[in-house]
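Q: Please take a close look at one part of this model, and go through it step by step. I am new to it, so give the cut-offs as you go.

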Amino acid sequence: MSTDVLPTPPESDCVKTKLDSSKNQTEQLKPSFDKGEAPKHMSKRQMKKLMRQKQWEDQRELRKQKRKERRQRRKLERQSHLESNSDGHDRKRFRSEAVPSPLRLIVDCSFDNLMVSKDIKKLHKQIQRCYAENRRASHPVQYYLTSHGGQLKKIMDENDKGWVNWKDIHIKPEHYSELMKKEDLIYLTSDSPNILKELDESKAYVIGGLVDHNHHKGITYRQASEHGIHHAQLPLGDFVKMNSRKVLAVNHVFEIVLEYLETRDWQEAFFSILPQRKGAVPADKVCENSSHGHASNRAKEEEESDSSAEENTENVLDPTQKGEGPDRVDSTYPKQ
């Protein structure tokens, strides 16, 4: 059998020729596009493709300018952060300035079997966010991950191998009830009838590590009740009116607690952390608008009732007038 290398088939030359001709065609057609004329021998798809290509080339300088502005803006932001850090007004402080809180904040990861892989990955990102925020907080809490294992541990091993070197965090495979005294535990759940007014820094607060898109409503409340531990919800309804349900992501609850420890103001903590998509507005403003709306509605109703009374008075029949007795009233109905 011959082992000679076969010559390159002539098709490759054809392909090269086609590519060159396509490029030349684009260059030749540019003047007609500049004049606003479309070549007649070209299909709509080809025309759109060439127009997109021309638009991309025309906006090259604009894109370059935008990138330059973006770099400049980031540089200014970094400088302002450094200045605010030096003044002590920024939330991001040097680690040496932090005053740790004895409060224990636990993310309960015992819901591993109730989530699909996509939701486990979201939980992992939320846990990372909690860790980062706690590391730069002015009053970092004692951060615990409990019931750590299963899918979550596998995903963390695959995507974030550095988690084993995390500092100032307690990652435990045990359930939180095995690590803490029952009387110290308070489960934070939006389904609890108890409203949390203050944070007791001698307690251990539990956040349900669950991303379920409302498939398992009330599960954290039921679990707290089954384990016989105290439960409560953040005083969200006292300070905030939202367009959506009062269910927050793990990192949002975590960050609100951190913010409250710094400011001791629930309203400020809520509004500095809640994302804009929640449509949060101060509850007192809603009350004012509501009372104002009710007052204006009452005034409007009174005005309408007065005007309708005047109309009725004008439409009352005067039997003393000629031809305006009972016969006129009957004339408004169809004749029998």
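A: Start with helix α10, which covers residues 266-273. Trp266 and Phe270 both belong to this helix. They sit four residues apart, about one turn of the helix. Helices here are DSSP runs of H or I with at least four residues, strands are runs of E with at least two, and both are numbered from the N terminus.

This is a predicted model, with residues numbered from 1 along each chain as its sequence is written, and side-chain values use heavy atoms, without hydrogens or water. Local features need pLDDT of at least 70 and side-chain atom pairs pLDDT 80 or more, while totals for chains, interfaces and linings use all residues.

Are the two side chains buried or exposed? Trp266 has 6% relative accessibility, so Trp266 is buried. Phe270 has 0%, so Phe270 is buried as well. (Buried is under 20% relative accessible area, exposed over 50%, partly exposed in between; 1.4 Å probe, protein chains only.)

Now the rings. The structure has six aromatic pairs (rings of Phe, Tyr and Trp, the six-membered one for Trp, with centres within 6.5 Å; planes under 30 degrees apart are stacked, over 60 edge-to-face, the rest tilted). One pair is Tyr260 with Trp266: their ring centres lie 4.0 Å apart and their planes meet at 15°, so they are stacked. Tyr260 and Trp266 are both buried. Trp266 also pairs with Phe270. There the centres are 5.7 Å apart, the planes differ by 20°, and this pair too is stacked. Add Phe239 to Tyr260, Trp266 and Phe270, and you have one aromatic cluster.

From rings, turn to charges. Side chains of opposite charge can pair when their charged atoms come close. Nine salt bridges are found in the structure (a side-chain nitrogen of Lys or Arg within 4 Å of a carboxyl oxygen of Asp or Glu).

Take Asp58 and Lys54. Their closest N and O atoms are 2.7 Å apart. Both residues lie in helix α2 (residues 44-58), four residues apart, about one turn of the helix. Asp58 is exposed because its relative accessibility is 52%.

Next come Arg135 and Asp168. Their closest N and O atoms are 2.5 Å apart. This salt bridge links distant parts of the chain, with the two positions 33 residues apart in the numbering. Arg135 lies in helix α4 (residues 117-135). Asp168 lies in the loop between α5 (150-159) and β3 (169-171). Arg135 has a relative accessible area of 29%, so it is partly exposed. Asp168, at 44%, is partly exposed too.

Then look at helix α5. The side chains of Asp157 and Lys153 meet in a salt bridge, 3.2 Å from N to O. The two are about one helical turn apart because four residues separate them in helix α5. Asp157 is partly exposed, with a relative accessible area of 30%. Lys153, at 33%, is also partly exposed. Elsewhere, salt bridges with shared partners tie Arg129, Glu133, Arg136 and Glu255 into one network.

To return to the starting point: Trp266 is stacked with Tyr260 and also with Phe270.
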